[in-house]
Amino acid sequence: MITLPYHRIQAYAAHCTTAPSPVLATLEKETQAHIPGPEMLSGHLQGRLLAMLSRMIQPRNILEIGTYTGYATLCLAEGLGPDGRIYTIDKNAAWASTVRAYWAQAGIAQQVKYYIGLALDVIPQIAVTFDLVFIDADKKNYARYYALALDRLRAGGFMIIDNVLWKGQVLPEQGHEIDKRTQRMMDFNAQVHRDPRVENVLLPIRDGLLVVRKK
């Protein structure tokens, strides 16, 4: 059996995936050119998967932890009905004007509740039961975000958690020293996998997406 390099598989998958909207394409270009940390952007392949999952779930209320430049927000919002809302939280206000401009351009501004602050403080203030949760924020708090979000997720609802492969470091080579951040991600993945309240599947797309369904 021929084993292709992972980056070639990802490139082929992206090639065979529906193109992003002009708004998303422009936002990605601007993020890559002008915003620090462009690797944090969900991007084409992952973005289309988030949109597809949201359309399948047809959520009324979405919680997003980690807004960045709002690319994933736009993708997740594709599954919302006219009365749907997405509640998105980011601690960094630096790109707020850019984010809001693209949401307005895409016609979803009225459906977005945008919070600047610490998610651990903001989530308890949102009196909503969620159908879909997307976590893509600081990794040290993943376990705390998961616990908070799961309590607010309806039975049968879904949670999607990004970066769970941690650039492949969750599979260290024999004798390789595991740093604290990697160990924390490994512990988190194990915690979710053992949680009897959910069922889960880890998708090896980009840096890993953990999809969780609350029983």
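**Exercise 1. Decide whether Lys167 counts as buried or exposed, and place this residue in the chain.**

Solution. At a relative accessibility of 72%, Lys167 counts as exposed, because the cut-off for that class is over 50%. As a second step, locate the residue: Lys167 belongs to the loop that links strand 5 with helix 8 (180-194). The backbone of this predicted model adds a further detail, since Lys167, although not a glycine, has a positive phi of about 55°.

**Exercise 2. Carry out the analysis for Gln58: which loop holds this residue, and what is its phi?**

Solution. Gln58 sits in the loop between helix 3 and strand 1. Its phi is near 55°, which is a positive value in a residue other than glycine. With 63% relative accessibility, Gln58 counts as exposed.

**Exercise 3. Work out the order of the strands in the open sheet, and identify the strands at its edges.**

Solution. Begin with the order, which reads 3-2-1-4-5-7-6 for the seven strands of this open sheet, and note that the pairing is mixed. The ends of that order give the edges: strand 3 and strand 6 (198-203) each have a single partner strand, so that one side of each is left without a neighbour in the sheet. From one strand to the next, the twist averages 15°.

**Exercise 4. Follow strand 2 through its pairings and describe how the chain connects strand 2 to its partners.**

Solution. On one side, strand 1 (residues 61-65) runs parallel to strand 2 and is joined to it by five bridges; within this pairing, Tyr87 of strand 2 is the bridge partner of Leu63. The pairing of strand 2 with strand 3 (residues 112-116) is likewise parallel and extends over five bridges. There, Ile89 stands opposite Tyr115, while Asp90 has Ile116 of strand 3 as its bridge partner.

Turn next to the connections. Strand 1, helix 4 (residues 71-77) and strand 2 form a right-handed β-α-β unit. From strand 2 the chain passes through helix 5 (residues 96-106) to strand 3, in a β-α-β crossover that is right-handed. Helix 5 lies across strand 2 and strand 3, and runs at about 175° to strand 3.

Finally, consider the surroundings of strand 2 (residues 85-90): five of its six residues are buried, and therefore the strand is largely enclosed by the rest of the structure.

**Exercise 5. Determine which strands helix 7 touches where this helix packs on the sheet.**

Solution. Helix 7 (residues 142-152) touches strand 1, strand 4, strand 5 (153-162), strand 6 and strand 7 (209-214), and its direction makes about 155° with that of strand 5.

**Exercise 6. Describe the setting of Arg48: is this residue buried or exposed, and what does its side chain contact?**

Solution. Arg48 lies in helix 3 (residues 43-57), and its relative accessibility of 14% makes it count as buried, because the cut-off for a buried residue is under 20%. The side chain of Arg48 makes a polar contact, at 2.6 Å, with the side chain of Glu78. If neighbours within four places in sequence are left aside, the residues in contact with Arg48 are Thr17, Thr18, Ala19, Pro20, Leu24, Cys75 and Glu78.

**Exercise 7. Name the members of the largest nonpolar core that touch the most other members, and say which elements supply this core.**

Solution. The largest nonpolar core has 34 residues, of which Leu50, Leu74, Leu76, Trp103, Phe134 and Ile160 touch the most other members. At least two residues of this core come from each of helix 2 (22-34), helix 3, helix 4, helix 5, strand 3 and strand 4 (130-135). Taking Ile160 as the example, and not counting residues up to four places away in sequence, its contacts are Leu50, Leu53, Leu132, Val133, Phe134, Ile135, Leu209 and Leu210. Apart from the largest core lies another core, of 31 residues, which includes Leu120, Val122, Tyr142 and Val212.

**Exercise 8. Relate the position of Val128 in sequence to its position in space.**

Solution. Val128 is part of the loop between helix 6 (119-122) and strand 4, and at 15% relative accessibility Val128 counts as buried. Its contacts, not counting residues up to four places away in sequence, are Asn61, Tyr87 and Arg152. Val128 and Tyr71, which are 57 residues apart in sequence, lie 23 Å apart in space, C-alpha to C-alpha.

Methods
Residues are numbered from 1 along each chain as its sequence is written. This is a predicted model: local features need pLDDT of at least 70, side-chain atom pairs count only at pLDDT 80 or more; totals for chains, interfaces and linings use all residues. Side-chain values use heavy atoms; hydrogens and water are left out. Buried means under 20% relative accessible area, exposed over 50%, partly exposed in between (1.4 Å probe, protein chains only). Helices (H or I, at least four residues) and strands (E, at least two) are DSSP runs, numbered from the N terminus. Two strands pair if DSSP finds at least two bridges between them. A crossover is right-handed if, with the strands pointing away from the viewer, the path from the first strand over the helix to the second runs clockwise. A polar contact is a pair of N or O atoms within 3.5 Å; within protein, one must be able to donate a hydrogen and the other to accept it, and residues adjacent in sequence count only if both atoms are side-chain atoms. Contact means heavy atoms within 4.5 Å. A nonpolar core is a set of buried Ala, Val, Leu, Ile, Met, Phe, Trp, Tyr and Cys residues joined through side-chain atoms within 4.5 Å. Axes are lines fitted to C-alpha atoms, for helices over the stretch in contact, and angles run from 0 to 180 degrees between N-to-C directions.
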